[in-house]
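Subject: Structure for your review

Dear colleague,

Please find below the structure that I am handing over to you. My notes on what was found in it follow directly after it.

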Amino acid sequence: MFKRLAEKGPAISITVDGKPVTARAGDTVASALLGAGIDHCRTTPVTGAPRAPYCLMGVCFDCLVTVDGVGSRQGCLIPVREGMKVETQLGRREAGR
Amino acid sequence: MAIESRADDEFDVAVVGGGLVGVATAWGLSREGCRVVILDEGDRAVRASRGNFALVWVQSKGLGLAPYAGWTIRSSNAWRGFSDLLKQETGLDVSFQRPGGFHLCLSEKELEARANVLKRLHNQPGIVDYKTEILTHDQVKAMLPDIGPEVVGGSFCPLDGHVNSLRLFRTLHAALNARGVTYLPSHRVEAITREAGEFRLATPHGEIRAAKVALAAGNANMRLAPMVGLEAPMRPERGQIVVTERLRPFLNHPVVTLRQTDEGTVMIGDSKEESVDPSGLTIGVSATEAERAVRQFPLLANVNVVRTWSAIRVMTQDGFPIYDESQTHPGAFTVCCHSGVTLAANHALTIAPMIARGALDASLVAPFSARRFHVQAAG
């Protein structure tokens with residue numbers, strides 16, 4: 001759905017649910033997910049409805065993902081780093097995982 | 001909620017206070033066929049019903065006033081039927097569960113103190129046995145597999161439970177609305193007089209008339225009760241709650257300081273501070289609550305906190321409920337207590353019918369008269 005206006009900046013390799021994804025330096029986790037065509041990053045804890053990054057400015061909390069093992073981080077506020085492990089969240093988190 | 005025209009309206013009962021105690025009582029009065037008006041403050045009212053911990057709790061209740069244990073158990077036992085009635089009326093499920101609850105101890109000293117409290121409670125004359133037992137670490141772990149090694153034991157009471165109390169509040173308001181009960185927000189009661197056999201309640205939006213008055217305004221009953229020849233000595237207290245993100249169910253029983261809601265969040269609370277300021281938050285208190293929670297359940301260590309808040313507890317001076325009827329102003333009642341969630345079933349199904357009949361049943365509620373605060377008059 002989304003395409004980059006320009007392929008600028010060095011490539012950054014991250015994984016999303018274990019699969020390699022190439023992002024660009026300066027991307028946030030949320031924009032990297034959208035750029036890679038990942039259309040939802042979590043399902044909601046109560047109804048299980050899919051959610052994708054929406055506001056991209058830290059307000060809506062729809063882009064929550066697990067980053068390097070820490071759950072429910074706001075993907076739109078975290079710049080990608082080489083080797084970062086991103087996991088999508090299904091429903092409620094499991095405590096202690 | 002509809003605000004109806006009040007011109008020439010006459011009500012059987014004016015319930016002062018639209019929090020949990022007020023709406024539970026009003027709902028019960030409506031079931032008895034009374035024409036009810038609820039006079040509430042506005043959105044900025046200090047409202048325990050929006051900040052409470054939502055336990056339907058039995059263990060520990062009644063130390064110092066044995067009949068309070070029986071009164072609490074009565075409500076605990078009535079709660080299932082109460083929630084079923086609400087569901088029939090509204091289609092809403094308040095998620096009442098009574099799996100039994102724990103009080104967890106993090107040292108031998110705490111466990112010993114806990115055992116002593118229960119012993120003193122059970123040794124009171126006339127106390128109802130509510131089957132609370134002291135359990136060892138291993139016995140607790142069999143029921144709560146995720147406890148940490150620092151939990152040396154705890155007490156368990158099979159009658160303890162919990163509910164989604166925000167949904168309970170909403171459900172009662174929805175039920176009242178469907179029943180045509182008049183709910184008037186921003187109607188802070190300034191004065192109450194009794195003239196020509198009826199009560200006149202002065203509010204910023206005019207006078208409301210009713211044959212009877214039920215004061216269910218929480219800590220504000222202290223101000224209101226003397227207007228009708230009653231008293232309600234209160235000592236408000238602040239509590240703080242920490243709430244986590246939604247988690248997969250891991251906790252099958254509520255703990256007095258920690259519970260997992262039906263929607264997955266974990267609420268951590270039970271602090272007490274002498275304060276009447278609901279807008280402040282003492283960070284050290286939240287930190288202590290969180291630290292103890294992690295020692296009780298180490299898997300909470302990496303869980304995100306999404307909210308903390310403080311709320312003012314409705315608390316009578318001795319912590320026990322006050323139910324009274326006025327001698328000087330017949331038809332005026334106080335319904336006043338700390339545990340508005342636990343006792344909601346009693347207020348709806350036992351207290352409200354008494355008020356509808358016009359007299360409290362002394363065999364049930366005489367111990368809860370505010371006369372107990374006067375040594376000479378008690379008895």
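Between domain 1 and domain 2 of chain B, the C-alpha centres are 36 Å apart. The bounds, which come from an automatic or database domain assignment, place domain 1 at 11-52 + 166-234 + 319-373, domain 2 at 101-158 and domain 3 at 237-313 of chain B.

The model is predicted: local features need pLDDT of at least 70 and side-chain atom pairs count only at pLDDT 80 or more, while totals for chains, interfaces and linings use all residues. Residues are numbered from 1 along each chain as its sequence is written, and chains are lettered from A and ligands numbered from 1 in the order in which they are written.

The core

The largest nonpolar core (buried Ala, Val, Leu, Ile, Met, Phe, Trp, Tyr and Cys residues joined through C-beta atoms within 7 Å) has 112 residues. Among those with the most contacts inside this core are B:Val13, B:Ala14 and B:Leu215. Helix H8 of chain B gives the most to this core, with eight residues. A second, separate core of 17 residues includes A:Val16, A:Val29, A:Cys76 and A:Ile78.

B:Ala210 is located in strand E11 (residues 206-215) of chain B; helices (H or I, at least four residues) and strands (E, at least two) are DSSP runs, numbered from the N terminus. B:Ala210 counts as buried because it has 25 C-beta neighbours inside 10 Å. Here a residue is buried if 20 or more other C-beta atoms lie within 10 Å of its own, exposed if 12 or fewer, and partly exposed in between, with C-beta atoms placed from the backbone. Although 197 residues separate B:Ala210 from B:Val13 in sequence, their C-alpha atoms are 5.4 Å apart. Not counting residues up to four places away in sequence, B:Ala210 is in contact (C-beta atoms, placed from the backbone, within 7 Å) with residues including B:Phe11, B:Ala14 and B:Glu198.

Two helices of chain B

Helix H2 (residues 67-90) of chain B has 24 residues and should span 34 Å at 1.5 Å a residue; its end C-alpha atoms are 33 Å apart, which agrees. The expected span is 1.5 Å times one less than the number of residues. H2(B) bends by about 45° at B:Trp79, where the bend is the angle between axes fitted to the seven residues ending there and the seven starting there. B:Trp79 is also one of the buried residues of H2(B). The cover over these buried residues includes strand E3 (55-56), strand E7 (161-162), helix H5 (165-178) and helix H8 (344-357) of chain B. B:Gly91, just after H2(B), takes a positive phi of about 80°.

H8(B) reaches 19 Å from its first C-alpha to its last, close to the 20 Å expected for its 14 residues. Ten of the 14 residues are buried, so H8(B) is largely enclosed by the rest of the structure. A kink of about 35° lies at B:Ile351, shortly before the proline B:Pro353. B:Gly358, just after H8(B), takes a positive phi of about 95°.

Positive phi in loops

B:Ala54, in the loop between strand E2 (36-39) and E3 of chain B, has a phi near 75°, a positive value in a residue other than glycine. B:Ala54 is buried, with 24 other C-beta atoms within 10 Å. B:Ser186, in the loop between strand E8 (182-184) and strand E9 (191-195) of chain B, has a positive phi near 60°. B:Ser186 is partly exposed, with 15 other C-beta atoms within 10 Å.

With kind regards

Technical notes:
Contact = placed C-beta atoms within 7 Å.
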